[in-house]
Amino acid sequence: VQLQASGGGLVQAGDSLTLSCAASGRTSSGYIMGWFRQAPGKEREFVAAINWSGGNTYYADSVKGRFTIYRDNAKNTVYLQMNSLMPEDTAVYYCAAGTAYYRDYRRWAYWGQGTLVTVSS
């Protein structure tokens with residue numbers, strides 16, 4: 001599975017941004033999709049995940065109520081809608097694909113290249 005993330009940019013606090021992650025390759029295998037982020041000098045952390053059907057979603061406490069993950073399987077794309085962005089959301093955001101839901105990034109099999117989100121105060 002190959003993943004291509006896009007949609008990052010520079011925004012102000014309170015703004016919204018939507019990230020996209022397009023999957024190609026063996027996308028028919030029912031992968032769970034996730035978003036992680038890594039701020040400078042920090043470890044990569046879990047942000048959100050969604051199962052194949054979209055019926056189950058998972059969020060980090062820090063983004064719950066502000067971020068929404070959803071997917072369009074017809075387009076092999078997963079999205080992360082980010083509202084009420086805060087400076088502490090600044091990070092490189094990575095999409096990932098795997099066979100099960102884990103909060104530990106080391107247990108995910110496939111990764112996109114990352115897209116930078118910078119939130120100014």
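**Rings, charges and turns in a predicted model**

Tyr70 is partly exposed, since its relative accessible area is 35%, and this residue offers a convenient way into the structure, which is a predicted model. The partner of Tyr79 in an aromatic pair is Tyr70, and the two rings are stacked, with 4.9 Å from centre to centre and 20° between their planes. Tyr79 differs from its partner in its surroundings, because at a relative accessibility of 17% it falls under the 20% limit and counts as buried.

That stacked pair belongs to a wider set, for a search through the whole structure finds 8 aromatic pairs. Another of them is formed by Phe36 and Phe46, whose ring centres lie 5.7 Å apart and whose planes stand at 75°, so this pair is edge-to-face. Phe36 is part of strand S4 while Phe46 is part of strand S5, and the pair therefore ties together parts that are 10 residues apart in sequence. Both of these phenylalanines, Phe36 and Phe46, are buried. They also belong to one aromatic cluster, in which they are joined by Tyr58, Tyr94, Tyr101, Trp108 and Trp111.

Two members of that cluster lead on to a charged residue, Arg44, which is placed in the loop between strand S4 (32-38) and strand S5 (45-50). Which rings does the charge of Arg44 sit over? One is the ring of Tyr94, where Arg44 lies over the face at 3.7 Å from the ring centre, and another is the ring of Trp111, where the charged end of Arg44 is 4.7 Å from the centre. Arg44 is buried and yet has no salt bridge, the nearest side chain of opposite charge being that of Glu43, at a distance of 8.8 Å. A salt bridge would require a nitrogen and an oxygen within 4 Å. The side chain of Arg44 does, however, make a polar contact of 3.4 Å with the side chain of Gln38. When residues up to four places away in sequence are set aside, Arg44 touches Phe36, Arg37, Gln38, Tyr94, Tyr105 and Trp111, a list that brings together residues from the aromatic cluster, such as Phe36, and a further arginine, Arg37.

Arg37 opens the subject of charge pairing. Side chains of opposite charge can pair when their charged atoms come close. In this model the count comes to 5 salt bridges, and one of them is made by the side chains of Arg37 and Glu45, at 2.6 Å from N to O. The two partners are not equally accessible, because Arg37, at 5% relative accessibility, counts as buried, whereas Glu45, at 34%, counts as partly exposed.

Arg66 and Asp89 form another salt bridge, in which the closest N and O atoms are 2.8 Å apart. Arg66 lies in the loop between strand S6 (57-59) and strand S7 (67-72), and Asp89 in the loop between strand S8 (77-82) and strand S9 (91-98), so this pair ties together parts that are 23 residues apart in sequence. Both residues, Arg66 and Asp89, are buried. Through salt bridges that share partners, Arg37, Glu45, Arg66 and Asp89 are joined into one network. A further salt bridge links Lys64 with Asp61, with the closest N and O atoms 3.3 Å apart, and here Asp61 counts as exposed because its relative accessibility is 66%.

The loops also hold details of the backbone. Asn76, in the loop between S7 and S8, has a phi near 50°, a positive value in a residue other than glycine, and it counts as partly exposed because its relative accessibility is 27%. Ser84, which is placed in the loop between S8 and S9, likewise has a positive phi of about 50° although it is not a glycine. Ser84 is partly exposed, as its relative accessible area is 41%.

The last stop is Tyr110, which is placed in strand S10 (residues 110-111) and is partly exposed, with a relative accessible area of 29%. What does Tyr110 contact beyond its neighbours within four places in sequence? Its contacts are with Val1, Leu3, Tyr31, Cys95, Ala96 and Ala97. The C-alpha atoms of Tyr110 and Thr99 are separated by 9.9 Å, these residues being 11 residues apart along the chain.

Key. Residues are numbered from 1 along each chain as its sequence is written. This is a predicted model: local features need pLDDT of at least 70, side-chain atom pairs count only at pLDDT 80 or more; totals for chains, interfaces and linings use all residues. Side-chain values use heavy atoms; hydrogens and water are left out. Helices (H or I, at least four residues) and strands (E, at least two) are DSSP runs, numbered from the N terminus. Buried means under 20% relative accessible area, exposed over 50%, partly exposed in between (1.4 Å probe, protein chains only). Lys and Arg count as positive and Asp and Glu as negative; His and the chain ends are not counted. A polar contact is a pair of N or O atoms within 3.5 Å; within protein, one must be able to donate a hydrogen and the other to accept it, and residues adjacent in sequence count only if both atoms are side-chain atoms. Contact means heavy atoms within 4.5 Å. Rings of Phe, Tyr and Trp (its six-membered ring) pair if their centres lie within 6.5 Å; planes under 30 degrees apart count as stacked, over 60 as edge-to-face and the rest as tilted. A charge sits over a ring if NZ of Lys or CZ of Arg is within 6 Å of the ring centre and within 35 degrees of the ring normal.
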